[in-house]
Amino acid sequence: MNRYSFKFSWLITFQLIILISFVNSVSFVESFNADFGYLMQSNSQKQSSIRESQLKIVNEWKYLDFEYPTFVERQRAIMNGDFIPKNNLPLGIDVHKNRLFITTPRWKDGVPASLGTIPFPTRELSPAIKPYPNWEAHGNPYNPDCSKLISVYRTTVDTCNRLWLIDSGVINATININQICPPKIVAFDLNADKTIVRYDLPKSQVKEDSLHSNIIVEVGNHCEDAHAIVADVWRFGLIVYSLAKNRSWRVTNYNFAPNPVASDFKIYGLNFQWLDGVFGMSISYDHQSKQRVLYFHPMASFKEFIVSTELLLTESLWEINSQDNAKYFFSIGDRGYNSQSSTSGIARNGVMFYTQVHRDNIGCWDTAKPYTRANLGMLLDPDVSSTLIQFPNDLKVDEGETQSVWIMSNRLPIYLYSQLDYSEINFRILRGDVNMIINSTICNPANVYGNGSKSAIVSIEEGQCY
C-alpha cells in the first residue's frame with residue numbers, strides 16, 4: 001500500500017469531509033472543463049474563420065462566357081452549336097504576372113476554345129474568357145486540325161516564363177471517348193505569347209484509352225535544360241519529355257495504379273467510380289535524401305509517394321527493363337479514408353498544398369515532417385468549407401515574391417452525372433497567402449506539434465479501418 005492509498009479504518013467524520021470536498025471538486029472540474037472546452041472550440045473556430053477569410057474569392061461564375069470579336073459572331077456560334085454556355089466547365093488554373101489561365105476541356109459539345117485568359121486583378125467578378133493566345137490557335141473538333149489546340153486539361157508555368165500544357169486530343173471523354181488527334185505537349189513564351197514547343201507523343205508511348213491530364217516541369221541549370229512530366233491517368237504511366245533532346249520516354253511503376261477501395265466516390269448525393277491512376281504531382285528538394293524529388297499520388301488512392309527526379313529524367317534507365325527501377329518508388333504515408341486528391345503544389349517554404357475532393361477542402365503538409373496524419377492539416381473548418389469550395393479540382397502555388405495558393409472549384413461530379421443549377425454560383429477561383437493561411441496550422445514549419453503533445457507513427461494500409 002503506497003502513500004496515496006486510503007484506509008477504510010479512518011473516522012467516518014473525516015470520510016464525510018472528504019466526500020463533500022470531492023463532490024465540490026468534481027463540480028469545479030466539470031465547470032472548468034466545460035469553460036475550457038468552450039474556449040478551445042471557440043479558438044479553433046476563430047482560427048478556422050480567420051483562415052477562411054484569408055482564402056479570397058477572385059472570380060466566380062454561374063456559367064462561362066467567352067470573349068468573341070463581335071456580338072454577332074457570338075450569337076452565330078450559339079445558333080450553330082459551336083458555343084453552348086452550359087456545356088463549358090473550367091478545369092485547370094494557372095497564374096503569371098497579371099493574367100490567369102483557365103482550361104476548358106472539350107468534355108461536351110459546344111466548347112469553342114480549350115485554353116483562355118482573364119486579367120488579374122479584374123474589375124468583373126465573372127469575366128468572359130479570352131482564348132489564348134488567340135481564336136485561331138484553337139481547332140474545330142468536327143473538322144480537326146491537329147496542329148491546333150483540341151482539348152487542354154491542365155497547364156504549368158515554369159521559372160523561364162513559359163506556359164506548358166498537355167493537350168489530350170480527346171473530345172467527349174465523358175460520353176464516348178474520341179481520340180481525334182494525338183496527345184501533344186505545347187509550350188508558349190509568355191513574354192511574346194508565341195508557341196515555342198509543339199511535340200506529339202509517339203504512338204508507342206500512348207496506350208489504348210490513354211488520357212493525359214496533368215503536367216509539371218522541372219528546369220535544370222538553364223532554360224533549355226527542361227523536362228516536362230505528363231501523367232497518363234487512365235493507363236497509369238508518366239511521359240517524360242526532354243526539351244534539349246526533343247524526345248520523350250514512358251515511365252511505368254505499379255504505384256501509379258489506382259486502389260479499387262479508393263475508386264468509389266460519394267459526393268453531393270452522387271455515387272460513381274473513378275479508376276484514375278497517377279494524377280497529382282509536385283516537385284521539391286528533399287532535405288533527407290538531399291535530392292530533387294517528385295511527390296505523386298493516384299486520384300483513386302489515399303497514399304502519397306515519392307521518387308527521385310534524377311531517376312525519371314535519365315532516359316537510359318527506361319530503355320530496356322524498367323522493372324529494375326521499381327524499388328526506387330516509395331510510399332511515404334497515408335491520408336486516411338475519403339482523402340482522395342487531384343492536384344498538389346509545394347511552396348518555397350516546403351509546405352505542400354493538395355486538394356481534398358471528398359471533403360471540399362484543401363489539405364496541407366510541411367514536407368520537413370513525417371507524412372503522418374498528425375502532421376496533415378486542413379485549411380478550412382469542415383462545417384464551413386463546402387460553402388466556399390465545392391469540389392476543388394485544380395491547385396497551383398505561384399512564384400510571386402509573396403507566394404499564393406490558387407484553387408479552382410468547379411462542381412465537376414454534378415456537371416458530369418447530374419445537372420448544374422445555373423441560377424447558382426458553380427465555379428470559383430480562390431486565392432490565399434501561403435504564409436497567412438498556414439499560420440495556425442500544423443503545416444506551419446514553425447509548429448512542431450499542433451497541440452503540444454507527443455506523436456506516434458502508426459502504419460495503416462489502404463482499405464483498413466480508420
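The paragraphs below walk through the fold, the sheets, the core and some local details of a predicted model.

The overall make-up of the chain is a good place to start. Six helices and 28 strands are found in the chain. Of its 466 residues, 52% are buried. Contacts over long stretches of sequence are well represented: among contacts between residues at least 6 apart, 56% join residues at least 24 apart.

Two open sheets can be followed strand by strand. One has four strands in the order β12-β13-β14-β15, with antiparallel pairing. Its edges are formed by β12 (212-219) and β15 (247-252), each of which pairs on one side only. From one strand to the next, the twist averages 20°. Six bridges hold the antiparallel pairing of β14 and β15, and within this pairing Ile239 has Arg250 in β15 as its bridge partner.

The other open sheet also has four strands, ordered β22-β23-β24-β25 and paired in the antiparallel sense. Here β22 (344-346) and β25 (376-378) each have a single partner strand, so one side of each is left without a neighbour in the sheet. Neighbouring strands are turned against each other by 25° on average, direction ignored. Strands β23 (residues 351-356) and β24 (residues 361-366) run antiparallel and are joined by six bridges; Val351, for example, stands opposite Asp366 in β24.

Attention now turns to the interior. The largest nonpolar core contains 41 residues, and Leu100, Trp107, Trp406 and Ile429 have the most contacts inside it. Several elements supply at least two residues each, among them β1 (55-61), β3, β27 (404-409), α5 and β28 (427-433). The largest share, three residues, comes from α5. Trp406 shows how many partners one side of this picture can involve: beyond its neighbours up to four places away in sequence, Trp406 touches residues including Val58, Ile93, Leu100, Phe120, Asp394 and Ile429.

Aromatic rings offer another way to read the structure. A search of the whole structure finds 25 aromatic pairs. One of them joins Trp107 and Tyr415, a tilted pair with 6.2 Å between the centres and 45° between the planes. Because Trp107 lies in the loop between β3 (99-103) and β4 (115-119) while Tyr415 belongs to helix α5 (residues 412-417), the pair ties together parts that are 308 residues apart in sequence. Both Trp107 and Tyr415 are buried. Tyr415 has a charged companion as well: the charged end of Lys108 sits over the Tyr415 ring, 4.0 Å from the ring centre.

A further pair is made by Tyr199 and Tyr241; their ring centres are 4.5 Å apart and their planes meet at 40°, so this pair is tilted. It links distant parts of the chain, with Tyr199 in strand β11 (residues 194-200) and Tyr241 in strand β14 (residues 237-242), 42 residues apart. Tyr199 and Tyr241 are both buried. Elsewhere, ring pairs link Phe256, Phe296, Phe305, Trp318 and Phe329 into a cluster. The charged end of Arg335 sits over the ring of Tyr354, at 5.9 Å from its centre.

Leu312 connects several of these themes. This residue is found in helix α3 (residues 309-313) and, with 0% relative accessibility, counts as buried. Outside its neighbours within four places in sequence, Leu312 is in contact with Ile229, Leu238, Val240, Trp249, Val251, Leu294, Val307, Trp318 and Phe329. Leu238 lies 74 residues away along the chain, yet the C-alpha atoms of Leu312 and Leu238 are separated by 9.0 Å.

Finally, some details of the backbone deserve a look. The peptide bond from Phe120 to Pro121 is cis, with omega near -5°, and Pro121 is placed in the loop between β4 and β5 (130-131). Another cis bond runs from Tyr132 to Pro133, with omega near -10°; Pro133 sits in the loop between β5 and β6 (152-157). Although not a glycine, Tyr268 has a positive phi of about 55°. Tyr268 is in the loop between β16 and β17 and is partly exposed, with a relative accessible area of 31%. Phe391, also not a glycine, has a positive phi of about 65°. This residue lies in the loop between α4 (382-388) and β26 (392-397), where Phe391 counts as buried at 0% relative accessibility.

Technical notes: Residues are numbered from 1 along each chain as its sequence is written. This is a predicted model: local features need pLDDT of at least 70, side-chain atom pairs count only at pLDDT 80 or more; totals for chains, interfaces and linings use all residues. Side-chain values use heavy atoms; hydrogens and water are left out. Rings of Phe, Tyr and Trp (its six-membered ring) pair if their centres lie within 6.5 Å; planes under 30 degrees apart count as stacked, over 60 as edge-to-face and the rest as tilted. Buried means under 20% relative accessible area, exposed over 50%, partly exposed in between (1.4 Å probe, protein chains only). A charge sits over a ring if NZ of Lys or CZ of Arg is within 6 Å of the ring centre and within 35 degrees of the ring normal. A nonpolar core is a set of buried Ala, Val, Leu, Ile, Met, Phe, Trp, Tyr and Cys residues joined through side-chain atoms within 4.5 Å. Contact means heavy atoms within 4.5 Å. Two strands pair if DSSP finds at least two bridges between them. Axes are lines fitted to C-alpha atoms, for helices over the stretch in contact, and angles run from 0 to 180 degrees between N-to-C directions.
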